[in-house]
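Trainee: I'd like to learn how to read a model like this one, feature by feature. Can we start with a single residue and work outwards?

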2 protein chains.
Amino acid sequence: MATGRTHRPATRSRGIPEATVARLPLYLRALTALSERSVPTVSSEELAAAAGVNSAKLRKDFSYLGSYGTRGVGYDVEYLVYQISRELGLTQDWPVVIVGIGNLGAALANYGGFASRGFRVAALIDADPAMAGKQVAGISVQHSDGLEKIISDNGVSIGVITTPPGVAQQVCDRLVAAGVTSILNFAPTVLTVPDGVDVRKVDLSIELQILAFHEQRKAGEAGEEAAANESAVPAPVGPADPTDQGPDGDVPAVMPA
Amino acid sequence: MATGRTHRPATRSRGIPEATVARLPLYLRALTALSERSVPTVSSEELAAAAGVNSAKLRKDFSYLGSYGTRGVGYDVEYLVYQISRELGLTQDWPVVIVGIGNLGAALANYGGFASRGFRVAALIDADPAMAGKQVAGISVQHSDGLEKIISDNGVSIGVITTPPGVAQQVCDRLVAAGVTSILNFAPTVLTVPDGVDVRKVDLSIELQILAFHEQRKAGEAGEEAAANESAVPAPVGPADPTDQGPDGDVPAVMPA
DNA sequence: CCATCTTTGTGCACGCGTTCACAAAGACAT
DNA sequence: ATGTCTTTGTGAACGCGTGCACAAAGATGG
């Protein structure tokens with residue numbers, strides 16, 4: 001694979017677009033399935049179909065990684081699995097901590113996709129003393145007092161936050177202070193982090209609301225009126241009327257710190 | 001699918017860009033918090049900070065909804081909450097079914113963000129007969145035999161799939177056939193649906209892999225090598241080596257270099 | 001009523017991502 | 001070897017999203 005003898009390949013034009021990075025796991029999953037069926041090669045068309053994307057997009061994505069295909073044939077499945085795994089950093093072990101062992105935290109701890117692909121649940125952490133020592137997914141839950149030590153002892157750089165929103169920021173701060181530089185946030189809160197720390201958020205409520213928007217749009221196209229009474233709305237600018245202080249709070253529940 | 005000819009004009013709705021729609025729930029959350037503190041008005045700068053976005057972006061987003069602000073003053077919180085809620089379709093009740101009551105499904109059923117904001121868990125459905133009748137989050141789990149009836153009886157248009165990946169597509173097919181037109185998919189699978197059906201996917205494994213990529217990048221810039229042996233890789237084109245067979249659909253696949 | 005000050009709403013430019021369309025590259029048959 | 005056929009890799013065009021910068025709008029004070 002003569003891609004030019006770059007003696008310092010570390011920073012070699014890693015211009016892999018973010019959008020491409022986000023799709024690599026998708027390709028990897030499809031390729032892994034093919035690999036298990038011992039399929040030796042796959043064309044961009046087939047793989048794109050399996051991954052649910054456009055074949056041109058897939059080829060362009062792969063072009064950022066290098067020329068790993070063979071014209072007239074396709075891509076070697078095993079080789080591509082390796083290349084993508086390496087590019088994503090999955091050939092090494094990533095210890096991960098999950099903070100907040102409620103329903104969601106427990107679900108993640110049990111999630112198979114976690115354990116595979118180089119991710120290892122190094123610790124489950126919860127602020128509730130009653131949780132400490134409990135076994136979840138075969139791992140003993142530890143109290144959050146020892147968070148810093150757990151992080152440094154295990155060399156953890158990725159943290160998953162599944163706490164109630166009220167404490168998410170302080171948990172985040174502690175994680176970052178302890179050395180975590182990547183955070184996957186499930187709490188419905190905007191996290192503020194220093195430069196150099198990556199945060200990705202997964203927000204179930206937001207996803208649902210986006211679906212609702214499109215759903216309403218579909219319904220509106222069919223029964224095109226119904227929502228015509230825009231006059232029956234609150235005054236555009238007026239005194240804040242706290243009478244309708246609905247229980248609209250998004251917050252699931254407050255939690256013991 | 002991919003008939004190609006039917007070029008979908010993306011967001012035909014009200015001209016509201018998809019990117020804006022995805023941020024509206026974020027604004028709504030911040031506004032709700034302000035509303036609970038009885039804050040009457042808020043400037044684009046303040047609200048943007050609370051939502052973690054650029055203020056210019058926020059103003060442009062709102063401009064798609066209409067001119068709801070007052071120059072020199074800002075936005076009326078209550079009024080904006082209403083407008084965004086209406087735009088997102090949250091002023092109506094959305095019955096939702098969750099299919100697959102494993103750890104994750106149970107977590108979602110208990111998730112507070114579900115119940116609020118107009119979403120109502122109409123039913124919990126599982127294929128395991130042993131689950132039927134069990135109470136989860138105060139709701140009795142029903143067997144998947146009655147899926148179609150449940151959907152139509154409750155007028156459900158939004159379905160959440162938290163099943164194992166192997167059955168996700170068939171569950172999806174049944175949901176769609178029964179009348180569901182929006183699906184939130186947590187299973188690590190690419191779902192194929194007819195036109196007119198929206199699918200959003202939440203994939204924990206993918207999020208982690210994206211984080212790992214950036215984490216590796218950071219580490220590479222600091223440690224500046226370690227990934228130097230590009231020669232010790234499998235042959236570019238060779239026989240499929242099925243020595244690394246994994247149980248689940250997620251295999252580590254390749255050994256560390 | 002006028003001046004000043006604050007904040008919105010938006011025209012514009014730029015960069016990223018997507019898609020098309022095709023030349024180049026290689027496999028394969030003759 | 002040569003021609004044909006398949007499939008990759010990519011140049012180029014296009015559209016969307018983002019951020020800047022500023023004029024317009026309205027509030028506020030004298």
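**Reading burial, salt bridges and DNA contacts**

Mentor: Sure: Arg200(A) has 24% relative accessibility and so counts as partly exposed. The scale calls a residue buried under 20% relative accessible area, exposed over 50%, and partly exposed in between, using a 1.4 Å probe and protein chains only. Areas come from the Shrake-Rupley method with a 1.4 Å probe, and for residues only the protein chains shown count as cover.

Trainee: What should I know about the model itself before going on?

Mentor: It's a predicted model, where local features need pLDDT of at least 70 and side-chain atom pairs count only at pLDDT 80 or more, while totals for chains, interfaces and linings use all residues. Residues are numbered from 1 along each chain as its sequence is written, chains are lettered from A and ligands numbered from 1 in the order in which they are written, and side-chain values use heavy atoms, with hydrogens and water left out.

Trainee: How many salt bridges does a search of the whole structure find?

Mentor: General idea: look for a side-chain nitrogen of Lys or Arg within 4 Å of a carboxyl oxygen of Asp or Glu. Here the search turns up 16 over all chains. In one of them, Arg200(A) pairs with Glu207(B), with the closest N and O atoms 2.4 Å apart. Arg200(A) sits in strand 10 (residues 198–201) of chain A and Glu207(B) in helix 9 (residues 204–223) of chain B, so this pair joins two chains. Helices (H or I, at least four residues) and strands (E, at least two) are DSSP runs, counted from the N terminus.

Trainee: Is Glu207(B) buried or exposed?

Mentor: Glu207(B) is buried, at 15% relative accessibility. Now look at Arg200(B) and Glu207(A): their side chains also form a salt bridge, at 2.4 Å from N to O. Arg200(B) lies in strand 10 (residues 198–201) of chain B and Glu207(A) in helix 9 (residues 204–222) of chain A, so that pair joins two chains as well. Arg200(B) is partly exposed at 24%, and Glu207(A) is buried at 15%.

Trainee: And what does the salt bridge between Arg23(B) and Asp61(B) tie together?

Mentor: Those two side chains meet at 2.7 Å, N to O. Arg23(B) is in helix 1 of chain B and Asp61(B) in helix 3 of chain B, so the pair ties together parts that are 38 residues apart in sequence. Arg23(B) counts as buried at 18% relative accessibility, and Asp61(B) does too, at 2%. Salt bridges can also share partners: Asp198(A), Glu215(B) and Lys218(B) are linked that way into one network.

Trainee: Let's turn to the DNA. Which residues come nearest to DNA strand D?

Mentor: A residue is near a strand if one of its heavy atoms lies within 4 Å of it. Of the 25 residues around DNA strand D, the nearest are Ser44(A), Arg71(A), Tyr75(A), Lys57(B) and Arg71(B). Of the strand D atoms within 4 Å of the protein, 63% belong to sugar and phosphate. Helix 3 of chain B gives the largest share of this surface, four residues. By type, the surface residues split into seven nonpolar, nine polar and nine charged. The classes: Ala, Val, Leu, Ile, Met, Phe, Trp, Tyr, Cys and Pro are nonpolar, Asp, Glu, Lys and Arg charged, and the others, Gly among them, polar.

Trainee: Which groups of DNA strand D face polar atoms of Gly72(A) and Arg71(B)?

Mentor: A polar backbone atom of Gly72(A) is 3.1 Å from a sugar or linking oxygen. For Arg71(B), a polar side-chain atom lies 2.7 Å from a base nitrogen.

Trainee: What about DNA strand C?

Mentor: Of the 25 residues around DNA strand C, Arg23(A), Arg71(A), Ser44(B), Arg59(B) and Tyr75(B) come nearest. Sugar and phosphate make up 62% of the strand C atoms within 4 Å of the protein. Helix 3 of chain A contributes the most to this surface, four residues. A polar side-chain atom of Lys57(A) is 3.3 Å from a phosphate oxygen of strand C. Bases are reached too: a side-chain N or O atom of Lys60(A) is 3.3 Å from a base oxygen, and one of Arg59(B) is 2.9 Å from a base nitrogen.

Trainee: How many of the residues of chain A count as buried?

Mentor: Of its 257 residues, 48% do. Chain A has nine helices and 10 strands, and it exposes about 11800 Å², with carbon and sulfur atoms supplying 54% of that.

Methods
A polar contact is a pair of N or O atoms within 3.5 Å; within protein, one must be able to donate a hydrogen and the other to accept it, and residues adjacent in sequence count only if both atoms are side-chain atoms.
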